[in-house]
Amino acid sequence: MAQNCVLGKGKGLTKNAIPVLFLFAFLKTLFTKNHPERFTMIKRKLWHAADRSDPDGAVAAIAARLGVGFPTALLLWHRGYKTPDAAAAFIHLETEILRDPFLLPDMIPACERIVAALDKQEKIVIYGDYDVDGVTAVSLLTLYLREKGGAVDYYIPNRLGEGYGVNREAVKTLVENGASLIITVDTGVTALDEVAYAASLGCDVVVTDHHECRELLPKAVAVVNPHRPDNTYPFTELAGVGVAFKLVTALEMTLQKRNGGLTVGFLSDLCRRYIDLVALGTVADVMPLVDENRLIVSMGLRYMEQNARPGIRALLELADGGKKGQKKRMTSSVISFALAPRINAAGRISTASRAVELFLTEDREQAVAIATELCEINRRRQAEENKIVEQITARILEDPDVGKSPVIVLHEDGWNHGVIGIVSSRITEKYNRPSILISFDGEMGKGSGRSVKGLNLVEALTHCSDLLVKYGGHELAAGLTVTKENLPAFRQRLCDYAREHLGDEEPTVTLEIDCELYPGEISLRQAEELNLLEPCGTMNPVPLFLMSDLEVLSAVPIGAGHHTKLLLEGEGRRFSAVCFGSSPEELGFAAGDRCDIAFNLNVNEFQGSRSEQLVIRDMRHAAEEEARFAARLSDYQTVRESSAPLDASLLPKREDFVSVYLRLKRIVGGEEGTVCLHTFLYELNNPPAQNGPMTYTRLRLCLDILADAGVISLTEKDLSLPARERFTVSIPNLEQKVNLEKSCLFKQLTARTTMPV
């Protein structure tokens, strides 16, 4: 190459400048060779798609009976509804019933004690948890008992100051203020000492809970919990608010029978007044949406859609951009993504009592004011959550053994107790392994954990119980308190337990795909038919589909660059798709690529228009394209690793360095940034340069030479898939100009072009 290639501060390439040489290329090689796990890998998820075949005609029979398309009938068949009658019964909720509440253990003594308190006008306090399940349970029981004339107050502990569960200080204060009966909701089943303490102060306790029981139960007046070993209630997966609703139902039956007998439609009337709260807490607590829960949530969604209470209506409108008067179609997803985070935020950042007040108020203006406050608290929660996620990600990059541990156990002084649970969820999802995050205040730490399938977190904590101050929760989510002194031993024992139950194999994420859809089957009608499966959630997931060999027509950023909108084409049909949580750069797809997608099919409503929309859950290049990308990577590696003569056309030219450097500056600016080579190459060639298209090998050599000369700092971030190669790039603030020809790598490559053949 005869040209002088010099890069200066604030300049393009110039000639005859004073050279300054920085050698960064060896750092890149050394860094990735010795610490390949320091880079966050976008690992390919395993896709498992169910068969589309219908050998005995059962799917066709279901489709004919229900008047639905083949894909909808196939979904029902794969979910266990193998006959037209079974499928119809599922769709129309013909087999689900609200069962007799008195089948729950201790329901009779619970009702007797509460009715006595109502008769004597004793002061009753509802003691709840600060999540959505607890808040809705507190609201439900408070509304009902006040309606019955009870002297009722409620208490929810402060997550930051008191932590989870019943505590002695709160009990003491409540009794001093006149409480003679405490009813717990969504908590209390492990509060042995606290219940005994209340009894010593002359206060009775009725426990209603749905968390897993330990060997000993509190010595309360009643312990109503479907997970008790002696339980005879046929459905054990009620939420905490579901158990509270059963208590309300039993109380209503008790009171009406005492006053002359049950009225016709008493249960329908209770549902009309409270089932929205039960549905909200059930979905938010991620309970299985089968059996009785399916009926509860189905009814609750219908009531919320038709005549939502002021607080829910106000929160819905604000979550939907402040649109008033529009009745939004209610689904379990609306609860999960619009309502639940805002309600949860109150207990995480502020005080959960504000959320209770939202449900108790009948005043529209007050509801709007509280809902506005909750939305602002939620924004603060998001900022705090993102800050902790960044800290944890940086820590795992610094110490890769943490991310490879059977259980990721991390601690810090002063982490916000209210958000570490949701951060733990994100860490578990990202690394596909259990995680526990602990925030210490002095020597005492409060933690929150999330688990994966195969490891019951409560059982794991029970295995370590002698090292914990207290703990409790569910199979996949739990809270704990531990001292700094016991933390190392706790971490070791927990990891040993997890290794024993999960094995040593690297965890993988499998997407269970309901079936493949062909482009001709994508329609608004098909999207609408999927609503027949609602409510969707745990054990009845939102349908997930596969579509293969689509062409990417465009991929553009939306939502301040955090999400991507795509236009795809297959078999002559075009589809609008959106991928949340990934920018186009992170996705690594460019126009002209061919891809396979795993997606949900939704109805998109915008300015009165309705259309089908694909929501992408995962995306990969088509098999032939992956092979092409692998081949070009192999060609580049051959050029770098070989000492054979080199075709001069493969080397970057002056214009290439200019183009690459200027585009990197636009992407990275004065900071560090991530570059996906595939999309970067596409952008360099659109429009193509005058000297012809940039090739992959020439781009890689160009980046290597710029790094070798110190013009950029380049580290490999993700090489897990040839189509998604990513590099972390930063551009130093150069005070002097750099002569690229003095790069060792540049000299080596140039020398090879002059070697005799």
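In this predicted model, helices α25 and α26 sit oblique to each other. Two packed helices are described by the angle between their axes and the distance between the axes. Here α25 covers residues 696–708 and α26 covers residues 744–753, and the pair packs at an angle of about 135° with the axes 7 Å apart. Angles over 145 degrees would count as roughly antiparallel and those from 65 to 115 as roughly perpendicular, so this pair ends up in the oblique class.

As for who touches whom, α25 brings Leu701, Asp704, Ile705 and Asp708 to the contact, while α26 answers with Cys744, Leu745, Phe746 and Leu749. Sorted by character, the residues of this α25–α26 contact come out as six nonpolar and two charged, with no polar ones.

Elsewhere in the chain there is an open sheet built from five strands, lined up as β5-β4-β6-β7-β8 with parallel pairing. The edges go to β5 (151–155) and β8 (222–224); each has a single partner strand, so one side of each has no neighbour in the sheet. Going from one strand to the next, the twist averages 20°.

At the β5 edge, the link to β4 (residues 123–127) consists of five bridges, and the two strands run parallel. One residue pairing can be picked out here: valine 125 has aspartate 153 in β5 as its bridge partner. Helix α6, spanning residues 132–147, packs on the sheet and touches β4, β5 and β6 (179–185). The direction of α6 makes about 170° with that of β5.

Terms used: Residues numbered from 1 in each chain as written. Predicted model: local features only at pLDDT ≥ 70, side-chain atom pairs only at ≥ 80, totals over all residues. Heavy atoms only, no water. Pairing = 2+ DSSP bridges. Helix = DSSP H or I, 4+ residues; strand = E, 2+ residues; numbered from the N terminus. Axes fitted to C-alpha atoms, helices over the stretch in contact; angles between N-to-C directions. Contact = heavy atoms within 4.5 Å. Parallel < 35°, antiparallel > 145°, perpendicular 65-115°, else oblique. Nonpolar A, V, L, I, M, F, W, Y, C, P; charged D, E, K, R; others polar.
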